[in-house]
Structure formats: C-alpha cells, structure tokens
Amino acid sequence: GFATLERCLLACASAAVYYALARAGFPFALGPAAGFAVAAVLLWGPSAAVGVFVGAWLADERLSSVGPGSSLAASLTLSTLGGLCVAAQAFAGAALLRRLGAAQDPTRLTRAATVFCVLAPLIGLIGALPGFIWTRAAVDWWVADTVGVLVVVPLVLAWARPSARTARPTTARAAEGSAAAALLLGGGALAFGDGGEPLLFLTFAPLLWILLRFGPRAATAARTRPRCPCCCG
C-alpha cells in the first residue's frame, strides 16, 4: 500500500543522500554522512536505517577497487560489514538521542555523540583487522563521525521541523543578515587562513549575532563550513 511505498521512497532517498555525502567526505576525512544518517533515522525511523546501509555499502571504496589481485568475495564481505556497522551506529545513536532528548541540546548531544560514534569504527575494524588494535584509522573515523553528528544533526532537525520562530522578511532584516554573513565569512577567512594558529574567537561574535537574531535554522546553517580547515588548510 501507500505506507510501503513511502518507506521504500524514504529508504531510497536516505541511500542516495548518504552515498553522496560519504563520497564527498572521503578525501577530507569528514563525517557529514554519519550526521545525516543519525538525523534521517530520527526523522524517518527504521526505513532510513535500511537506506543508510545501502548507501554505505555502495559508497565503500573497496567495491570500486576490486582488481585482478583482490578477492571480490572479501570486498563484498567487508563492504557489507561496513554498511551494517554504519546503519547500526545511526540506529543506536538516534535511539540514544531520542531517549535522552538530546538531539537539540548541545551539551547532551556532544556527550551522546562521543559515545555512540565509537560503534562504527569499533565494529568495522574488529571485522577488518585480526587481533583488533585501536589504531589511528579508528580514532580518525571516530572523530570524523562525532564532528559530523554535531554539525549535521542540529542542522537537519532545525530545517526539517516547523519553526516556532518566523520573522517577517524586510529590507532591514535582509541587510542585517547580509552584514552578519559577511562578518562570519570574513572572520572565517582570517581565523582559518594560512599561517599561524586558528583564531576561532573571530567567528564567535557573528555566530552569536545570527543565533540571537535569526534563530536556530540560520545559526546551524551558518556554522556549517564546506570544508574542514584542519584538513584543507
């Protein structure tokens, strides 16, 4: 019926978005896909977890690197394991955030994300490495997923749910928003520019301005950077 069709469409949409985010994040060791996976399960339920598994399975680089000297069966097994651990992390993370009411509470979200984002690297590397050791790869995976959850989950939820705060668009508000955005971009360029330590405080004032004047939707969008300054300079 209609409910089955809806679940299939949600699974397909989750798979497509997860695949795109995962492929975009691979070169920079970023975890936006992990954040989307948790947000999708929070919003759409188990159907999204199925889609996340499919997207993670398709995005796994081991499938595209199968060559004459490699085993197709081994690649398929590891890709399946990778998809399962990503889906399990998203499902467990969504359940924990829902239970704690932490999805839009920054402190609780940070604590929960640092815990459940251990799942995917832990399960994945146990399956991939005999005599499991907590390697640098696992730490990088955990950090990337945690950051992805902290950035993407509030962003998706803020825009997916009805906003209780609707401001009437006016010329003055458009000018104010443009000024805040310009300050944020300028501060970001100075803070993460080449040479010297990052001057993170330069971005605090415009972010607070956007949060207080334009609400959580604008604030979560403003704090989302298209690239990682640590990796991309």
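A disulfide is a pair of cysteine sulfur atoms within 2.5 Å, and a search of the whole of this structure finds zero disulfides. C8, for instance, is in no disulfide, because the nearest cysteine sulfur, that of C12, is 6.6 Å away, whereas a disulfide needs the two sulfur atoms within 2.5 Å. The model is a predicted one, and its chain has 11 helices and zero strands. Of the 233 residues of the chain, 33% count as buried.

**Cysteines and their exposure**

- C8 has a relative accessible area of 43% and is therefore partly exposed, since that class lies between the 20% limit for buried residues and the 50% limit for exposed ones.
- C117, in contrast, has a relative accessibility of 0%, and so C117 counts as buried.

**Helix α2 and the nonpolar core**

- Helix α2 covers residues 32-44, and its 13 residues should span 18 Å at 1.5 Å a residue, which agrees with the 18 Å that separates its end C-alpha atoms.
- Because 10 of the 13 residues of α2 are buried, this helix is largely enclosed by the rest of the structure.
- The buried residues of α2 are A33, A34, G35, F36, A37, V38, A39, A40, V41 and L42, and after the helix comes G45, which has a positive phi near 85°.
- The largest nonpolar core has 32 residues, and those with the most contacts inside it are Y18, V38, L42, L97, F116, V149 and V153.
- Two or more residues of this core come from each of the elements α1 (2-25), α2, α3, α5 (72-100), α6 (106-116) and α8 (136-160), and α2 gives the largest share, eight residues.

**Helix α3 and the surface patch**

- The 14 residues of α3 should span 20 Å at 1.5 Å a residue, and the end C-alpha atoms of this helix are indeed 20 Å apart, so the two values agree.
- Buried positions in α3 are S47, A48, A49, G51, V52, G55, A56 and A59.
- A nonpolar patch of about 330 Å² on the surface is made by Y19, V50, V54 and L58, and helix α3 (residues 46-59) gives the most to this patch, with three residues.
- V54, which is found in helix α3, has a relative accessible area of 33% and is therefore partly exposed.

**Helix α1 and its distances to other residues**

- Y19 lies in helix α1, and because its relative accessible area is 35%, Y19 is partly exposed.
- Y19 and F53 are 34 residues apart in sequence, while their C-alpha atoms are 9.7 Å apart in space.
- L9 is also found in helix α1, but L9 counts as exposed because its relative accessibility is 53%, and the limit for that class is over 50%.
- The C-alpha atoms of L9 and G51 are separated by 9.3 Å, although these residues stand 42 residues apart along the chain.

Key: Residues are numbered from 1 along each chain as its sequence is written. This is a predicted model: local features need pLDDT of at least 70, side-chain atom pairs count only at pLDDT 80 or more; totals for chains, interfaces and linings use all residues. Side-chain values use heavy atoms; hydrogens and water are left out. Buried means under 20% relative accessible area, exposed over 50%, partly exposed in between (1.4 Å probe, protein chains only). Patches are made of residues with over 30% relative accessible area and no salt bridge: like charges are joined within 9 Å, nonpolar side chains (Val, Leu, Ile, Met, Phe, Trp, Tyr) within 5 Å. Accessible areas come from the Shrake-Rupley method with a 1.4 Å probe; for residues, only the protein chains shown count as cover. A salt bridge is a side-chain nitrogen of Lys or Arg within 4 Å of a carboxyl oxygen of Asp or Glu. Helices (H or I, at least four residues) and strands (E, at least two) are DSSP runs, numbered from the N terminus. The expected span of a helix is 1.5 Å times one less than its number of residues. A nonpolar core is a set of buried Ala, Val, Leu, Ile, Met, Phe, Trp, Tyr and Cys residues joined through side-chain atoms within 4.5 Å.
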